[in-house]
Amino acid sequence: MSAFQSFKHEVVQVASLSKDALHIYVGLTVFLVVAAIVRDGLRSRVAILAVVVVAVAGEILDLRDEFRSREHLLFGASVHDLLNTCFWPCVLWLLARYTRVTK
């Protein structure tokens, strides 16, 4: 097991949450932290881009580890994880950008 997978396993154990829930929390946390740092807040393209970069990087590491351990790739699981990580940040970003809901 790679260091990345060991870290994820420890977080799942400590948080007592499912992996799906943790993907949602990670996406929202990255989005809100970056949005708080930059001037545009929830409208920030930097914040939504940060979520996508973190999600893709995590899935690349997962796919690498999956290939090393089983010599095949589970793209369906990766797409599922990407959607879990990015969905709510995208909803908040779109609402902030194109409606008056967040004002």
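Read along the sequence, the protein chain in front of you follows the pattern α-α-α-α, and it holds four helices and zero strands, where helices (H or I, at least four residues) and strands (E, at least two) are DSSP runs numbered from the N terminus. The model is predicted, so that local features need pLDDT of at least 70 and side-chain atom pairs count only at pLDDT 80 or more, while totals for chains, interfaces and linings use all residues. Residues are numbered from 1 along each chain as its sequence is written, and side-chain values use heavy atoms, with hydrogens and water left out.

**The whole chain**

Begin with the C-alpha trace of the protein chain, which spans about 50 × 25 × 20 Å along its principal axes. Switch to a surface next: the protein chain exposes about 7,000 Å², of which carbon and sulfur atoms supply 67%, the accessible areas coming from the Shrake-Rupley method with a 1.4 Å probe, and for residues only the protein chains shown count as cover. Of the 103 residues, 32% count as buried; here buried means under 20% relative accessible area, exposed means over 50%, and partly exposed lies in between (1.4 Å probe, protein chains only). Among contacts between residues at least 6 apart in sequence, 60% join residues at least 24 apart, a contact being heavy atoms within 4.5 Å.

Colouring by charge, you can compare the mean positions of the 11 positive and 9 negative charges, which are 15 Å apart. For that value Lys and Arg count as positive and Asp and Glu as negative, with His and the chain ends not counted, and the place of a charge is taken as NZ of Lys, CZ of Arg, CG of Asp or CD of Glu.

**Helix α1**

Select Ser6, which is found in helix α1 (residues 3-15) and counts as partly exposed at 30% relative accessibility. If you draw a distance from Ser6 to Leu61, the two are 55 residues apart in sequence and 12 Å apart in space, C-alpha to C-alpha.

**Helix α2**

Move to helix α2 (residues 19-37), whose 19 residues should span 27 Å at 1.5 Å a residue, and whose end C-alpha atoms are 27 Å apart, in agreement; the expected span is 1.5 Å times one less than the number of residues. Selecting the buried residues of α2 brings up Ala21, Leu22, His23, Gly27, Val30, Phe31, Val34 and Ala35. An α-helix has 3.6 residues a turn, so residues three or four places apart point the same way.

Within α2, centre the view on Leu22, which is buried with a relative accessible area of 13%. Not counting residues up to four places away in sequence, Leu22 touches Val11, Val12, Ala15 and Leu17. Leu22 and Val38 are 16 residues apart in sequence and 24 Å apart in space, C-alpha to C-alpha.

**Helix α4**

Go on to Ser78, found in helix α4 (residues 75-98) and buried at 6% relative accessibility. Leaving aside its neighbours within four places in sequence, Ser78 is in contact with Glu59 and Leu63.

**The aromatic pairs**

Finish with the rings, since a search of the whole structure finds two aromatic pairs. Phe87 and Trp88 form an edge-to-face pair, 4.8 Å centre to centre with 80° between the planes; rings of Phe, Tyr and Trp (its six-membered ring) pair if their centres lie within 6.5 Å, and planes under 30 degrees apart count as stacked, over 60 as edge-to-face and the rest as tilted. Phe87 is partly exposed, with a relative accessible area of 45%, and Trp88 is partly exposed at 43%. Select Trp93 and Tyr98 next: their ring centres are 6.4 Å apart and their planes stand at 90°, so this pair is edge-to-face. Trp93 counts as buried at 15% relative accessibility, whereas Tyr98 counts as exposed at 59%.
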